[in-house]
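Hi,

Here is the structure I said I would pass on. Have a look when you get a minute, and my notes are underneath.

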Amino acid sequence: MSSRYEPRRVEEKWQQIWAQRRLFEAGEDPSRPKYYVLEMFPYPSGRIHMGHVRNYTIGDVVARYKRMQGFNILHPMGWDAFGLPAENAAMARGLHPANWTYDNIDYMRRQLKALGYSYDWPRELATCDPEYYRWEQLVFIEMYRRGLAYKKKAPVNWCPKCETVLANEQVEGGCCWRCDSEVSLKELEQWFFKITAYADELLADLDVLAHWPERVLTMQRNWIGKSLGAEIFFPLKDGGEPITVFTTRQDTLWGATFMSLAPEHPLALSLAQGTPQEAAVRAFVDHWRAQDRSRGVLEELTKEGVFTGRYCLNPVSGWEMPIYVANFVLMEYGTGAVMAVPAHDQRDFEFAQKYGLPIRVVIQPPGEELRAGDLKAAYEDEGVLVNSGSFSSLASAPAREAIAAFLEETGRGRRAAHFRLRDWLISRQRYWGAPIPIIYCEKCGMTPVPEQDLPVKLPLDVSPTGEGGSPLAHLPSFTNVPCPLCGGPARREVDTMDTFVESSWYFLRYACADYREGPLDRKRVDYWLPVDQYIGGIEHAVLHLLYARFFTKVLRDLGLARIDEPFTRLLTQGMVLKDGAKMAKSKGNVVDPEYMISEYGTDTTRLFLLFAAPPERDLEWSDQGVLGGHRFLHRLWTLAQNLLPDLKKAQPYQGSGSDLPPGLGEFRQKVHQTIQKVTGDIEDRFHFNTAIAAVMELINAFYQAVEELAPEEKALPVFREALEAVLQLLYPMVPHITEELWENLGYNTSLQLAPWPQAQAEALVETARTVVIQINGKVRSRISVPASHSDQQVQDAALDDPVVQKWLKGQPPRRVVVARGKLVNIVI
RNA sequence: GCCUGGGUGGCGGAACGGGUAGACGCAAGGGACUUAAAAUCCCUCGGGGUUCGCCCCGUGCCGGUUCGAGUCCGGCCCCAGGCACCA
């Protein structure tokens, strides 16, 4: 046996053994509690980077820890394999996206295996596999039949660099989430998923997600953006359908002096028809249509509008309100029409000033009296109603409630909620994605591909050029297809699906990755789902995590699953930084995991990533820190090797500890305190850094104990108990070295199958404790008292302490406080 | 502007019912071993003062509550992230 720690020898050996013994392959077992640990699967970009390693290491620790606790663990891995980078790489290097993707998968799979993660590899899936996306196409068709997938013409976000449209969630600060180009608006006919039909449930169920980080919940709440208010009907002065507006401030209704319509509003042109304003309105709307609607430009836009020549009536005051078309009113939000209250809305105020429209104050702030003529800006806060009929003198909040009720009773409006959330735009004008299974026939119109014809396979004889629209459109062998209804010539949809659709249900498919009868095998899905612990980056707070929640609910309503929410607990791990910045090739600050493994081993790499920071925080990479982790593993190895010849002959100590001499007893107490500490740190908070620190302390104490206590009669059993506990506690984090040492101790079953250690209650009992003595809140002394002392005895002992006597100078203390038997504060 | 997080030694980070601030690790300095170096081991390590017993100050800033505040409350500053014509 070698006594030198050679990480790669040990690591390769155990990775082989684990694979041979199929230790991590899971089956359904109703007799054991299940636990589903999942890390967000990677995009196969080429190589595993340090951010992946951190993410997957955290997941692996959880999986191995829970396995030791007796849970039946599902811990799968796969590939989010469709996407634009494959197409770009194909164009840059002349490779086919499929080859590029599968080569990357092969390479990265090998890397993950070298990192020693406990994955259930037979469940591996790649989303670009027709056997995966065929089920997605089937779900799409079901959604289409239920109106949850639909096509409409709408202004959509267009990324000029990616040459495709983007969902709202994929635009960050006006720029493309992937390439950061500025996004513009284009009027296009596109496919949408009706996520808004689930807006209320998506919002309400956030309250169920007690184990999600608060900021993710907040981000999702804001994104969904539910506003409570009222829809109010404004009759036209000369008859016809009334205009409906949405407002959250029905308490300002008496202050509404004009009406603003979005330029796209259907009434904008029709109202103006036949009035002297018709030409002006037409010109304004045409100008708006031609307007560059990239974000930068829109932000700078001054508020402008044009009178339609028509009037409506304020439904409560009866005042005539001129109807304007205004460039700041959004057709996509609310009803596309806004009652303008210039005194209490800054936008309306600016608009009214510009066009000389009347301003009526109807809300007075506390302790102040506003006058319309003096206003320099709108007063938007709450206050007391004035000039509002019988509602005058009510405060804003109760007035809103009362006015909503009044509107409903009198048929002039109704309570309503509106959402910021828009439907999910899923069409992409790209090649490397799942085809949308729809056929267009001139005679029969739009028809889904018949189920028996699925999958609609992505043709592989295509080389994307990056020029002009969907690459599939140029491929007659793909587009030309007989109509499934009439058999006549028809053409296929050439857009592919947003790759976020694939990642919206892969976690369900893992439960039954080999199932060929349908998307999901209910029995197995019901056993494994929901995911108990999901781990990934914060960047998906509203993207993937919102889509996955939506899709889960859809699948539930299609009868394919029974869960409402896919992820019970969520951990968003921080980024890996180097020199204060995110690791990136462009910044030249990447540390290659492969290099770390060959140089120090995966155990060292894992240990450093876990030790350097708690998982949710950003982690600053430190080559010196890695060295420190490596030193610690050497210390563990050396300690074990030195003791092994003797320990192999010993049995772990079994007693209560009462028969041990003081030194050994204290050491054993430290062992059990460490068990308790590590268990708590992992179980409650996943704070692996403090768990490791505790074991480091124990190893330090262990070295000292070996030095000082080795001759003691019961030393060997106590040391053996201690070493076994150390190996068990460290196993989830550094599984290879601990397996090797476990085997060295004489065990021939995997440490993975050993139970998680339990702290023994008797071993934790202290005989004496240190009491801190403060004078006026400052620490001045410490004394040791028997653990059995009452607070009164502790206080008496404290007052006897010579240091206290010195401070008291013979005077009695003004006050003495004993806290939890561990601290005495003496006020003098 | 609004909504979340977060500001603790030279650095990463501990302190999870208000109760010993700085665990553990890194870096740095000193020492032992060695012909020498590496490795390893031991000691010191927030700032200032010191008669070497200790004393004063210190968790972004100001104030408050309390016997006692990194922790709670009020106000402010800074950093990171999210949203932003949403009626």
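Below is what turned up for one helix pair and for the RNA contacts.

One thing up front: this is a predicted model.

Let's start with the helices. Helix 20 covers residues 662-685 and helix 21 covers residues 688-709; their axes come within 9 Å and cross at roughly 170°. That angle is over 145°, so helix 20 counts as roughly antiparallel to helix 21. The crossing of the two is left-handed. On the helix 20 side, the residues in contact include Leu-664, Phe-667, Val-671, Val-678 and Ile-682, and among their counterparts in helix 21 are Phe-688, Ala-691, Val-695, Leu-698 and Phe-702. Sorted by class, the contact between these helices has 14 nonpolar, three polar and four charged residues.

Now the RNA. Helix 21 turns up again here, as it gives the largest share of the surface near RNA strand B, with six residues. Glu-697, one of the helix 21 residues that meet helix 20, also has a polar side-chain atom 3.0 Å from a sugar or linking oxygen of RNA strand B.

Two phosphate contacts are worth a look as well:
- Tyr-333 places a polar side-chain atom 2.6 Å from a phosphate oxygen of RNA strand B.
- Asn-689 has a side-chain N or O atom 3.2 Å from a phosphate oxygen of RNA strand B.

Overall, 54 residues surround RNA strand B, and Thr-248, Arg-347, Ala-612, Arg-782 and Asn-825 come nearest. That surface has 22 nonpolar, twelve polar and 20 charged residues. As for the RNA itself, 67% of the strand B atoms within 4 Å of the protein belong to sugar or phosphate, and the rest to bases.

Cheers

Conventions: Residues are numbered from 1 along each chain as its sequence is written. Chains are lettered from A and ligands numbered from 1 in the order in which they are written. This is a predicted model: local features need pLDDT of at least 70, side-chain atom pairs count only at pLDDT 80 or more; totals for chains, interfaces and linings use all residues. Side-chain values use heavy atoms; hydrogens and water are left out. Axes are lines fitted to C-alpha atoms, for helices over the stretch in contact, and angles run from 0 to 180 degrees between N-to-C directions. Helices (H or I, at least four residues) and strands (E, at least two) are DSSP runs, numbered from the N terminus. Angles under 35 degrees count as roughly parallel, over 145 as roughly antiparallel, 65 to 115 as roughly perpendicular and the rest as oblique. A crossing is left-handed if the near helix is turned anticlockwise from the far one by less than a right angle, and right-handed if clockwise. Contact means heavy atoms within 4.5 Å. Ala, Val, Leu, Ile, Met, Phe, Trp, Tyr, Cys and Pro count as nonpolar, Asp, Glu, Lys and Arg as charged, and the others, Gly among them, as polar. A residue is near a molecule or strand if one of its heavy atoms lies within 4 Å of it. A polar contact is a pair of N or O atoms within 3.5 Å; within protein, one must be able to donate a hydrogen and the other to accept it, and residues adjacent in sequence count only if both atoms are side-chain atoms.
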